[in-house]
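User: Could you take a close look at one part of this model with me? I would like to see how the protein and the nucleic acid meet.

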Amino acid sequence: MGKFLITLRGSLPSCLRETGYSYPMQLLSKLAVGITQAINRCGFPNKDLEGQIRQVADAKFGDYQFNGAMGLAKELGLPPREVAVRIAEHLSLPDILATVEVAGPGFLNLRLRNDWLSSQLQTMGASDCLGVGRANPPLTYVIDFSSPNVAKPMHVGHLRSTIIGDSIARVLRFLGHKVITDNHLGDWGTQFGIILHGFKNQLNQENFAKDPVGELARLYVEVRKQFKTEESEDQTTDPVQEACRNETAKLHHGDEENRRLWQQFMPLCLKEIQKVYDRLDIHFDHTHGESHYQPFLHGVVESLEKQGLAVETDGAMGVFLKEGQPPALVRKRDGAFTYMTTDLATIQSRVQENDPAHILYVVDSRQAFHFQQLFEIARTWLKPKAQLHHVSFGSVLGPDRRPIKTRSGDAVASLDQLLDEATRLAREVNQSNSQPDGSSGEAPEEDAAGDAEVIGIGAVKYADLSQNRTSDYVFNWEKMVAMDGNTATYMQYAYARNRSIFRKGGIDMEKFRIDLRSISLETAEERQLGMQLFRFLEAVQHAGVDYRPNVLTSYLWDLAKAYSIFFQNCPVLKAESEALKMSRLGLCDLTARVLKTTLDLLGIRVLEKM
RNA sequence: GCCCCUGUAGCUCAGUGGAUAGAGCAACGGUUUUCUAAACCGUUGGUCGCAGGUUCGAUCCCUGCCAGGGGUGCCA
C-alpha cells in the first residue's frame, strides 16, 4: 500500500492498518495501490503525500475522489490541474474504474464501473456477514460500560454509556474481534456507605418491605441532602459525611453487620437493574463490580508503594503525577480505598486474565481527569501492552441546559418511564395506522405490545446513538420518542415495507437467496442504492475505528433515503421484465439485510410488519 | 487560580484541510385507482461566536478574545 492517507470520511486512516482491517471487499486500498502506481509512473514523489482518497462530497462528481494532486503540485511547483491530469493519464484500474475525471482546481473524480459494482454486490449477497468477514488478526477488546451505581435507579443519564457501549461491542464483534464486555458496577463505594448510614438511621420499614430498591434510593437522596453544601469551607468536619465514610470503611474492613446488609441489598439492586437490561436487550460477559476487586486492593497499594509511586500524604496514600496537580488518592485517611485503587486493580486483573489489545471505558467525559490519572499510573505501574482508551461522551443536559445531576438528588426521568412513554406512543401510532380504512398498512395484530416495545425502545436508542457521542445534548422527551424523520422507526418502516414486497410477490426467500442473479444498476436510482449498499463495509469500519455509532446512523439514513427513492421510482414486482424484477428483488433483499444488520449493530430490532 | 470541553439555520444537532456547509423538527405548499402516507416532493431559513495567523485552499489546524459548561487530594 502506498503512503496515502486513506480517509473514511475523516476517520484515522492509520488505524485501518494498525488494527489489521483487511477485507476482500476493501475498495479504498485497491484505489490507493492504483493511485500510488500512477504517481510512481509520473515520476512524482509519493512520500509525505497529503493526498486523500475518499467518498465524493456530492454524487454528481462520481463515487470516490482523490484530493492529493493539489498538495503535490505545490511541492513540485507545477500547476495543480496539470499534475492531476498526468496522474489521471497514468491511473490504470480498468476492472474497477469507469471514468477518471479532473475537475475544479485539481480534484480527481473516480466513477466505478457498474459491472464491477454489481459483482461486489453479488459477493456481499452471497456472504453471511455481508462482505465484512473477519479482522485479521482479530484483537481482544475489553469494553467497560454502563457501570451504574447499583444503589440508585437508572435514569436517562445512564442511557448513553449503556447503549453506546453495547453498540461499540456489537460493531467490534461484527468486524471479527474478540470482545469482552464488563459491567463494572458501582457496588462498593461511598454510595453504599451513604445507604448503610441511611438504613441504620432513617429507614422506613414499610417502604422497604414494599419496594426495597425504591426505599434505598430514597435513603440515598435523603442522606445526601444532609451533607454540607459544596460551598461550605470545610467538608471534613461534616458529621453526616464522616458517618457515611465510616460506614464505607467498616464495610471495606469486613465489619460483620455491614457485610450482611451489603449481601442483603445486592441481589435486590441487581434484580432491579436487570429489568432495564432485559428491556434494552443488553447482555454482559461479566458483571464484575467494584466489590469483585476488593481482595486485591491492599496488594495494589502495597505494590504502588514498593515502586515508589504512592506516598503518604496527610494520612492518606496518594500518587503525585504532575506538579501543581492534586495527587490521585489510592487509600483514604480512614483506610478505605478509592475508585482509583479499584480501577487500578481492575486493569491489572483484565491484563492478566484477558491480555487485551485495547481496554475501552465508555464513560462520561466529566471523568476525563480521572482516566488521565488512572491511565498514567497504570502505564507506569504495570507497563501493559493494552492500550487504554476513555471513550467519553457528553452530558445529558436538562431543559435549563445544565447537566442533569443525580448526586444532588435532582428529579430526572427514570429510564423505565422513558421507555414506557416511547412504547406507549409507538402503540398509539401503530393502532392509528392499523385502522381498516383501506389505505392502511398491514395490521400486525399478533403481538402489538411486543411490537410497540421494539419500536419504542428502538426510537429511544436511535435518538441517543445518532448523536455524536462527544457532544452534550439537551434532553427532550419529544426527540427521544420521535418516530418520524431520521429515527429508528423510519428504518424499521423501510424494512417492513421491503419485506412486504416479498410477501406480496409470494417469493420463497430461501430459494431466492440461493439463486442469486446479477444485479442491474441501469437506472440512477438503482445505481445510487447499489452504491450505498456497497459502502456498508466502510461505514462499519469507520464506526469501529472511531468507536462512533453515529457513523452507522448517518449511513442508515443515507441508505434508507436511497432505498426510498428507489422504491418510489422503480417498480419491483411490476418491473418490465422477469430479469429486471429478479434484479430489483435482489437489491431489495440486500437492502433489507443491510438495514437489519446495521440496526442490529445499534442494538435495535426490526419487525417484519408494521 | 489551574486544566478540559463546547459555540454551525427559529429549535435539536450532523459534518469536513478542499468544489455551492447539511439533516431532523418547526413553518408554508404539494403528492394516495400504482409493491405500506410511520412515506415522498418542493419552498423559506446561515457573517459556521469574534479577531488575527498558518496554508495553494480554513467552518475544520494555531494564538488571543468573548460567551456558556465541566473538572480540580479523602464521592464515583
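Which N or O atom in a side chain is 3.4 Å from a sugar or linking oxygen of RNA strand B?

Analyst: Happy to! Please keep in mind that this is a predicted model. The side chain you are asking about belongs to Arg497, which has an N or O atom 3.4 Å from a sugar or linking oxygen of RNA strand B.

Two further polar contacts reach other parts of the RNA. Arg245 places a polar side-chain atom 2.3 Å from a phosphate oxygen of RNA strand B. Asn430 addresses a base instead: an N or O atom of the Asn430 side chain is 3.0 Å from a base nitrogen of the strand. Sugar, phosphate and base are thus each represented among these contacts.

Now for the wider surroundings. There are 70 residues around RNA strand B, and those that come nearest are Lys74, Glu290, Ser471, Val474 and Tyr493. Looking from the RNA side, 58% of the strand's atoms within 4 Å of the protein belong to sugar or phosphate, while the rest belong to bases. By residue class, the surface near the RNA divides into 26 nonpolar, 22 polar and 22 charged residues.

Which elements build this surface? Helix H18 (488-504) gives the most, with 8 residues. Other elements that each supply at least two residues include helix H3 (68-76), helix H10 (239-252), helix H15 (415-432) and helix H22 (549-569). Strands take part as well, with strand S5 (107-112) and strand S14 (473-474) each supplying at least two residues of the surface near RNA strand B.

For a look beyond the RNA surface, there is an open sheet of 3 strands, ordered S8-S9-S10 with antiparallel pairing. Strand S8 (310-313) and strand S10 (328-331) stand at the edges with a single partner strand each, so one side of each has no neighbour in the sheet. On average, neighbouring strands here are turned by 45° against each other, direction ignored. Strand S9 (residues 316-319) pairs with S10 over 3 bridges in the antiparallel sense, and Gly318 stands opposite Leu329 in S10.

Finally, a word on the cysteines. With a disulfide taken as two cysteine sulfur atoms within 2.5 Å, the count comes to 0. Cys269 is in no disulfide, and the nearest cysteine sulfur, that of Cys244, is 16 Å away. Cys269 counts as buried because its relative accessibility is 2%, where buried means under 20%.

Terms used. Residues numbered from 1 in each chain as written. Chains lettered and ligands numbered in written order. Predicted model: local features only at pLDDT ≥ 70, side-chain atom pairs only at ≥ 80, totals over all residues. Heavy atoms only, no water. Near = heavy atom within 4 Å. Polar contact = N/O pair within 3.5 Å; in protein donor to acceptor, adjacent residues only side chain to side chain. Helix = DSSP H or I, 4+ residues; strand = E, 2+ residues; numbered from the N terminus. Nonpolar A, V, L, I, M, F, W, Y, C, P; charged D, E, K, R; others polar. Pairing = 2+ DSSP bridges. Axes fitted to C-alpha atoms, helices over the stretch in contact; angles between N-to-C directions. Buried < 20%, exposed > 50% of the residue type's maximum accessible area, 1.4 Å probe, protein only.
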